[in-house]
Amino acid sequence: MLWPMCQAYGLILMLFLLLPLAAAAAESSQRQWAGNWLVVSEGDEQLVWQLLPDGSGFAYGFQPNGQLSHGFAISWKLKGDRVQVRTGASVRCNGGVVAVAFTGWSPVTLNFAIIDGRHWLQEGGVLLSFQRRLSSWNTPRAGKECPNLGV
């Protein structure tokens, strides 16, 4: 009777110790994607994705001349080889000035499969290509001048 109870306690202890390790591995993978990225999407202008390690961030779109055209606050979560993204606040360039509006988080979740270290494939077939990290990217602030990607 004592031996089965020891086995059960051993199993519980092992799970208790392994679950935080699995969570830490997921957080570590998410941190690897964190940063400011120049992204190209099929049939779209250049984008900047700002992915923060806590799962928040922004996605910005730019006109062919490099001027900010639009953007969204995003919430992103890495789950194995999948990424789930929800959009929130919208960012626009109005008269050369950044305008931000928050109407709540979108009920739609965008799902991406991580193809490799540089590509995410969205359900429905849109491919995002992470070109390079942008070390000097600054987050556009409401009321400030609209950024130019300098293409």
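Which residue takes a positive phi in the hairpin of β5 and β6? Keep that question in mind as we walk through this predicted model.

**Stop 1: the hairpin.** Select residues 82–94, which form strand β5, and then residues 97–101, which form β6. These two strands run antiparallel, joined by 5 bridges. Now look at the turn that connects them: there are 2 residues between the strands, and G95 is the one with a positive phi, near 60 degrees. That settles the opening question.

**Stop 2: C93.** Stay in β5 and pick C93. Across the hairpin, its bridge partner in β6 is V98. Show the side chain of C93 as well, and follow its sulfur to C146: a disulfide joins the two, with an S to S distance of 2.0 Å. The structure holds 1 disulfide, and this link is right-handed, with 120 degrees about the S-S bond. It ties together distant parts of the chain, since C93 and C146 are 53 residues apart.

**Stop 3: C146.** Move to the other end of the link, in the segment after β9 (127–133). Is C146 buried or exposed? C146 is buried, because its relative accessible area is 5%, under the 20% cut-off.

**Stop 4: Q63.** Finally, select the loop between β3 (56–62) and β4 (68–79), where you will find Q63. Q63 counts as partly exposed because its relative accessibility is 38%. Add Q46 to your selection: the C-alpha atoms of Q63 and Q46 are 7.5 Å apart, although 17 residues separate them along the chain. Then display E45, L68 and S69, which Q63 contacts once its neighbours within four places in sequence are left aside.

Notes. Residues numbered from 1 in each chain as written. Predicted model: local features only at pLDDT ≥ 70, side-chain atom pairs only at ≥ 80, totals over all residues. Heavy atoms only, no water. Disulfide = S-S within 2.5 Å. Helix = DSSP H or I, 4+ residues; strand = E, 2+ residues; numbered from the N terminus. Buried < 20%, exposed > 50% of the residue type's maximum accessible area, 1.4 Å probe, protein only. Pairing = 2+ DSSP bridges. Contact = heavy atoms within 4.5 Å.
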